[in-house]
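Hi everyone, thanks for having me. Let's put the structure up on the screen and walk through it together.

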Amino acid sequence: MAERRAVVPLKIFLALLFGVLVMLQAFSLPGQFAHMAEESPHLAHLRWPMTAVSVYWVLCVQVVIFCTWRLLDLVRDDRIFSDAAMGWVRGILWAIGAAWAVLLGVFLYVGFTADDPGLPLLLFLMVVAVAVLGLLMIVMRALLRQATTLRSDMESVI
């Protein structure tokens, strides 16, 4: 029952987060990189690639939020241990994997072109953190699959 009571507040916070991310995508990121190009003309050539990559990462987070929202609907309806949940978990895994692949590319590009170790180190930390998150989701998917199988086996016995 406690899980079901947490669904509504969690959905409220997910909706707020999604809204902030839309504002970030539409206004803040493009504006920030335009300002960067004006302030640092030697970095102006990075304006559009940085904008595109940043908006892409935010889109990946939005996909995770949407899939989580759908999983919460299944929790509310007591259907989380069903095959329907697997599709939404797969969506989360694909979004994390897609974000990680681009992050790895950015890390490699910056790592080979940087003259200061600070940013490559930060990017390496992010690559590892997102990899851990993805691997954790793979384990959680396996647990969900086992619980779904167990529940369906128990229902067939009853």
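Let's start with Cys67, which is buried, at a relative accessible area of just 5%. Keep in mind that this is a predicted model. Cys60 is buried as well, with a relative accessible area of 7%. Now, how many disulfides does the structure hold? The count is 0. Why is Cys60 not bonded to Cys67? The closest cysteine sulfur to that of Cys60 is the one in Cys67, and because it is 11 Å away, it is too far for a bond. A disulfide needs the two sulfur atoms within 2.5 Å.

Next, the pockets. The largest pocket has about 630 Å³ of space. It is lined by 20 residues, and those closest to its centre are Leu46, Met50, Val106, Val110 and Leu119. Which helices supply at least two residues each to that lining? They are H1 (2–39), H2 (47–76), H3 (83–113) and H4 (118–157). Sorting the lining by class gives 16 nonpolar, 3 polar and 1 charged residues.

On to the second largest pocket, with about 500 Å³ of space. Here 17 residues form the lining, and Leu71, Val75, Ile80, Phe81 and Leu144 are the closest to the centre. H1, H2 and H4 each give at least two residues to this lining, and H4 has the largest share, with 5 residues. By class, this lining has 12 nonpolar, 1 polar and 4 charged residues.

That's my tour, and I'm happy to go back to any part of it!

How values were computed
Residues numbered from 1 in each chain as written. Predicted model: local features only at pLDDT ≥ 70, side-chain atom pairs only at ≥ 80, totals over all residues. Heavy atoms only, no water. 1 Å grid on protein atoms, 1.4 Å probe; cavity = no way out; pocket = protein on both sides within 12 Å on 5 of 7 lines; lining within 4 Å. Points joined across faces, edges and corners; volume = space filled by probe spheres on them. Helix = DSSP H or I, 4+ residues; strand = E, 2+ residues; numbered from the N terminus. Nonpolar A, V, L, I, M, F, W, Y, C, P; charged D, E, K, R; others polar. Buried < 20%, exposed > 50% of the residue type's maximum accessible area, 1.4 Å probe, protein only.
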